[in-house]
Amino acid sequence: MSSHPFSAPCMWMRSGTSKGAYFLRKDLPESEQACEQFLLSMMGTPDPRQIDGIGGADPLASKVAIVESSKREGVDVDYLFQQVFVDQKLISGKQNCGNILAGVAPFAIERGLVEAQEGQTSVRIFMENTQQVATVTVQTPNKQVTYAGGCHIDGVPNTAAPLAVCFEDTAGSTCGALLPTGNEVDVIDGVSVTLIDNGMPVVVLRAQDFGLTGDESREQLDDNSELKQRLESIRLQAGPMMNLGDVRELSVPKMTLVSAHQYGGGISTRTFIPHRCHASIGVLGAVSVASACILNDAPAKQLAEVEIEKQIHIDVEHPIGKMSVVLDVEQNQVKSAAILRTARKLFDGTVFGL
């Protein structure tokens with residue numbers, strides 16, 4: 001072990017319902033192996049408490065964004081998302097994270113990668129994980145990023161400035177097609193499922209098919225070992241079907257149990273990410289589930305309360321509230337999806353690895 005541990009400038013941010021460490025690519029080790037070792041040690045992985053790092057002992061608070069100026073036409077910055085596991089010595093870049101994505105825009109402005117405009121600044125972001133582009137609009141009064149505001153999102157106790165996130169052409173971003181098997185319904189272990197990828201690979205299943213109401217708490221579901229075994233069996237079979245290969249050491253696909261809305265939304269969800277129940281639902285996971293709600297034969301469509309129009313607004317319920325998704329639809333195909341997030345800078349300084 002070096003007596004001079006590697007360190008790097010880092011911004012720690014609550015973004016959406018996640019928390020993560022934001023880095024400029026130039027500030028991280030050049031070799032992939034050295035970079036992974038730094039990120040693992042910086043977070044305190046592997047350890048269920050992440051006691052020897054800044055990680056929050058939860059997958060939602062053990063995330064990393066790596067950002068740099070983009071050379072792509074019409075794009076401001078490139079963003080690589082890294083999911084740092086908590087109690088396993090693993091890092092996965094197989095999927096994106098829409099929550100952490102929201103914070104990339106203010107981070108890029110604060111680090112001088114994008115010049116702030118008066119009032120609002122739109123940042124075009126290339127998501128390296130899925131080779132897609134999203135636009136995030138930041139509030140910049142007096143040409144400065146502000147995190148203060150009156151926007152509330154479920155899962156966050158305080159209000160903040162709104163961040164409008166618009167996704168384009170996300171269908172099949174990881175799996176190659178919106179429906180990688182070509183089917184709106186597949187059957188795995190006798191359970192009807194929809195295998196879908198509209199920004200996040202998700203297996204959508206009916207809660208009732210597992211003897212659940214869909215209103216169970218996160219803790220109840222996490223304690224249900226039989227349920228988790230059944231879901232993992234389906235997940236491992238779904239991986240190759242979704243062109244993901246062997247997913248035993250991957251954090252995708254996510255597993256989402258759906259039921260009829262309980263609190264005035266369009267659909268109710270409980271998501272495993274993939275082995276622990278999500279406190280809410282991921283941004284792109286919500287987009288994929290919302291997209292499943294408009295497929296005529298899909299289990300989600302049978303349960304959802306949705307009016308099929310050119311622009312569809314779906315409130316996706318989760319354990320601690322709802323996430324609003326707006327889909328622009330042409331000929332029953334989703335062309336773009338928009339969602340509202342907030343972020344707050346928690347600290348900006350230097351973080352140390354081993």
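**Exercise 1. Which residue follows α1, and what is the sign of its phi?**

Solution. G44 comes directly after α1, and its phi is positive, near 90°. Helices here are DSSP runs of H or I with at least four residues, strands are runs of E with at least two, and both are numbered from the N terminus. The model is predicted: local features need pLDDT of at least 70, side-chain atom pairs count only at pLDDT 80 or more, and totals for chains, interfaces and linings use all residues. Residues are numbered from 1 along each chain as its sequence is written, and side-chain values use heavy atoms, with hydrogens and water left out.

**Exercise 2. Compare the expected span of helix α1 with the distance between its end C-alpha atoms**.

Solution.
1. The expected span is 1.5 Å times one less than the number of residues.
2. α1 has 12 residues (residues 32-43), so it should span 16 Å.
3. Its end C-alpha atoms are 17 Å apart, which agrees.

**Exercise 3. Which residues of α1 are buried, and what covers them?**

Solution.
1. Buried means under 20% relative accessible area, with exposed over 50% and partly exposed in between (1.4 Å probe, protein chains only).
2. By that cut-off, C35, F38, L39, L40, S41, M42 and M43 are the buried residues of α1.
3. The cover over them includes β1 (7-15), β2, β3 (63-69), β4, β5 (91-92) and β16.

**Exercise 4. Describe the largest pocket by volume, lining and composition**.

Solution.
1. On a 1 Å grid over the protein atoms alone, a pocket is an open set of points where a 1.4 Å probe fits, with protein on both sides within 12 Å along at least five of seven lines; lining residues have an atom within 4 Å of a point.
2. The volume, the space filled by probe spheres set on the points, is about 450 Å³ for the largest pocket.
3. Its lining holds 30 residues, with P59, Q83, K254, I273 and P274 nearest the centre.
4. Two or more lining residues come from each of β4 (77-84), β12 (254-259) and α5 (283-292); α5 gives the most, with 3 residues.
5. The lining divides into 14 nonpolar, 12 polar and 4 charged residues. Nonpolar covers Ala, Val, Leu, Ile, Met, Phe, Trp, Tyr, Cys and Pro; charged covers Asp, Glu, Lys and Arg; the others, Gly among them, are polar.

**Exercise 5. Do the like for the second largest pocket**.

Solution.
1. The second largest pocket holds about 290 Å³ of space.
2. It is lined by 16 residues, and R14, S18, K19, G155 and V156 are the closest to its centre.
3. β2 (18-24) and β16 (333-352) each supply at least two lining residues.
4. The lining has 6 nonpolar, 6 polar and 4 charged residues.

Note on methods
Contact = heavy atoms within 4.5 Å.
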